[in-house]
Amino acid sequence: MHFWILAATFFLAGALPLAGAPILTADGVEIVNDGSSVSIRETADELRALDRQITTLFKVNGKQKGYPCRIVLSGLLPPGEFLASCQPSGWVFSFNADDGDWRNDFKLRRKLTGLLLLAKTKTMPTPLEQEYLPGWISAGIDRRIRDSKRSELLLRRNRDLPVLRALAELGTFPDFARMRTLRGDLLAGAARVWFGELGRAMTDLAATVSTESDNALLEYALLCSRPGSIEAEAFHGTLGKRFLAAAEKTPLPKRVGGEEWEKLSADQKIQLYLANQIRRIAWNEFSPMPAEVAIAELDEVMTMQYMELDKEGRPTGKNLSAPLTGLPELLCERPDADEIRNRQAYRLQQLGTGNDVAYYRKIEQLQQTLRLLPQNARRASPELAAKFRRELGALRTELEFRRKVELYLEEQEPRFRVPAQFYAEAIQEAARPAPWLLPEEEAYLDRMAAEWR
């Protein structure tokens with residue numbers, strides 16, 4: 001018995017760091033407590049999460065290429081102050097974490113995130129401005145850390161983005177070009193929330209279009225760190241270029257025919273692409289989009305657009321539209337049938353994103369039928385055409401049923417609410433101490449105040 005107690009004691013002693021001993025993140029950053037009264041383990045977990053987000057999103061490895069890096073939790077610095085010492089022998093960042101306010105201090109976290117990134121690259125000099133990192137990236141990283149402790153704790157896909165869902169339902173998004181220049185520390189609480197959600201979505205997309213060989217997100221951040229850099233030039237030379245290339249490949253409505261698309265500026269094209277992508281990630285199978293929104297998207301897909309061709313089969317620059325139900329016959333008439341089929345298949349696939357599993361499976365079945373549709377009039381199959389239209393109609397049937405269920409649940413919800421939700425303010429007001437005192441109470445307090453002066 002005594003043996004097992006001693007063994008457990010030695011095991012725990014080895015697992016816990018000694019007083020003053022540094023704690024290491026996965027990428028080798030040291031975390032040291034220097035007179036701080038804060039819980040070193042909770043703070044270290046938060047800093048580990050921040051370091052992990054930097055290495056994952058920017059695809060950097062501080063152990064191989066970075067400077068030795070240390071974060072000092074100082075109990076001597078005033079709250080909110082951030083000190084950085086950047087020397088070839090090592091980079092040291094110090095701040096006061098005693099009151100825990102640093103977790104919500106946007107300016108401090110932006111400095112820390114940006115300088116940690118520079119320390120890992122070892123290719124850039126110390127910036128003259130410590131807050132060089134674009135605010136939307138810092139806000140996006142903070143939001144990713146917060147969500148990883150809540151809705152995404154057990155399942156990464158279980159995203160909770162209420163602001164993005166509201167914007168997607170409205171069908172409008174803010175100007176992303178202007179959003180890139182916002183400062184999160186100047187935003188009020190509610191504005192900070194939507195700034196974090198949009199920043200998180202843009203950061204996720206930026207990391208997706210970046211690769212090891214063409215790391216646009218990292219290049220964008222490093223260019224912004226250079227003294228005198230212009231954010232718009234840095235963006236369009238790196239991330240903007242990648243977003244624009246992705247927009248050219250994505251079958252957005254205005255891209256059909258190319259006539260209207262070519263009139264748009266680069267920022268306008270990127271705006272359409274980002275809005276389309278963010279609309280897709282706002283919902284997931286655990287929180288599917290409302291049936292009304294899904295029906296509106298289906299109605300949009302039910303009308304297909306394609307380019308008008310002259311007698312020689314060359315595009316005239318004009319666009320034509322027709323019901324999607326006529327796609328089987330159209331494929332037999334067009335020399336560009338492959339392009340039309342692929343475009344409609346992509347649009348159908350996008351319908352499944354953000355919806356429940358049953359709806360997504362119906363879309364998969366419809367796509368399989370679409371791939372079997374012949375492109376030659378002599379091989380036309382009325383049976384396949386009828387099956388395609390039948391499965392297309394099944395999508396609307398599924399959504400109409402879901403809309404009825406949602407309306408029923410909304411009607412029933414008030415019946416099952418807890419009464420305290422309706423009377424919470426009244427209960428709080430009733431429990432509040434009276435703002436007046438009885439004469440005896442006032443006399444007692446006056447006497448006590450006089451005795452203790």
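Helices (H or I, at least four residues) and strands (E, at least two) are taken here as DSSP runs, numbered from the N terminus. The model in these views is predicted, so local features need pLDDT of at least 70 and side-chain atom pairs count only at pLDDT 80 or more, while totals for chains, interfaces and linings use all residues. Residues are numbered from 1 along each chain as its sequence is written, and side-chain values use heavy atoms, with hydrogens and water left out.

**Figure 1. The whole chain, with its 20 helices and seven strands.** Of the 453 residues in the protein chain, 43% are buried; buried means under 20% relative accessible area, exposed means over 50%, and partly exposed lies in between (1.4 Å probe, protein chains only). The accessible surface of the protein chain comes to about 25300 Å², and carbon and sulfur atoms hold 56% of that area. These areas come from the Shrake-Rupley method with a 1.4 Å probe, and for residues only the protein chains shown count as cover. Among contacts in the protein chain with a separation of 6 or more, 64% join residues 24 or more positions apart; contact means heavy atoms within 4.5 Å.

**Figure 2. Leu198 and its surroundings in helix α8.** Leu198 lies in α8, which covers residues 189-209. With a relative accessible area of 0%, Leu198 is buried. Setting aside neighbours within four places in sequence, Leu198 is in contact with Leu164, Leu167, Pro174, Phe176, Met179 and Ile278. One of these partners, Phe176, is 22 residues from Leu198 in sequence and 8.9 Å away in space, C-alpha to C-alpha.

**Figure 3. The pairing of helices α14 and α18.** Two packed helices are described by the angle between their axes and the distance between the axes. Here the axes of α14 (residues 291-301) and α18 (residues 382-412) come within 9 Å and cross at roughly 160°. Axes are lines fitted to C-alpha atoms, for helices over the stretch in contact, and angles run from 0 to 180 degrees between N-to-C directions. The helices α14 and α18 are therefore roughly antiparallel to each other; angles under 35 degrees count as roughly parallel, over 145 as roughly antiparallel, 65 to 115 as roughly perpendicular and the rest as oblique. Their crossing is left-handed, a term used if the near helix is turned anticlockwise from the far one by less than a right angle, with right-handed used if clockwise. From α14, Ala291, Glu292, Ala294, Ile295, Leu298 and Asp299 meet Leu395, Arg396, Leu399, Glu400, Arg402, Arg403 and Glu406 of α18. The residues of this contact divide into six nonpolar, no polar and seven charged. In this grouping, Ala, Val, Leu, Ile, Met, Phe, Trp, Tyr, Cys and Pro count as nonpolar, Asp, Glu, Lys and Arg as charged, and the others, Gly among them, as polar.

**Figure 4. The buried side of α14, with Arg280 of α13.** In α14, the buried residues are Ala291, Val293, Ala294, Ile295, Glu297, Leu298 and Val301. They pack against α6, α13, β6 (303-309), α16 (337-352), α17 (357-372) and α18. Look also for Arg280, which lies in α13 (residues 266-281). Arg280 counts as buried because its relative accessibility is 13%. Not counting residues up to four places away in sequence, Arg280 touches Glu297, Gln350, Leu351, Thr353 and Gly354.

**Figure 5. The crossing of helices α2 and α4.** The axes of α2 (residues 40-58) and α4 (residues 106-121) come within 10 Å and cross at roughly 55°. That makes α2 oblique to α4. This crossing is right-handed. In α2, Glu46, Leu47, Leu50, Asp51, Ile54, Thr55 and Phe58 meet Arg109, Leu112, Thr113, Leu116, Leu117 and Lys120 in α4. The contact is made up of seven nonpolar, two polar and four charged residues.

**Figure 6. Thr43 in α2, and Lys59 in the loop that follows.** Thr43 has its place in helix α2 and, at 0% relative accessibility, counts as buried. Apart from neighbours within four places in sequence, Thr43 is in contact with Val38, Leu73, Ala97, Trp102 and Arg103. Lys59 lies in the loop between α2 and α3 (62-65), and is partly exposed, with a relative accessible area of 25%. Most residues other than glycine have a negative phi. Phi of Lys59, however, is near 55°, a positive value in a residue other than glycine.

**Figure 7. Thr172 in the loop between α6 and α7.** The flanking helices are α6 (162-170) and α7 (176-179). Thr172 counts as partly exposed, at 46% relative accessibility. Thr172 and Ala275 are 103 residues apart in sequence, and their C-alpha atoms are 8.1 Å apart in space.
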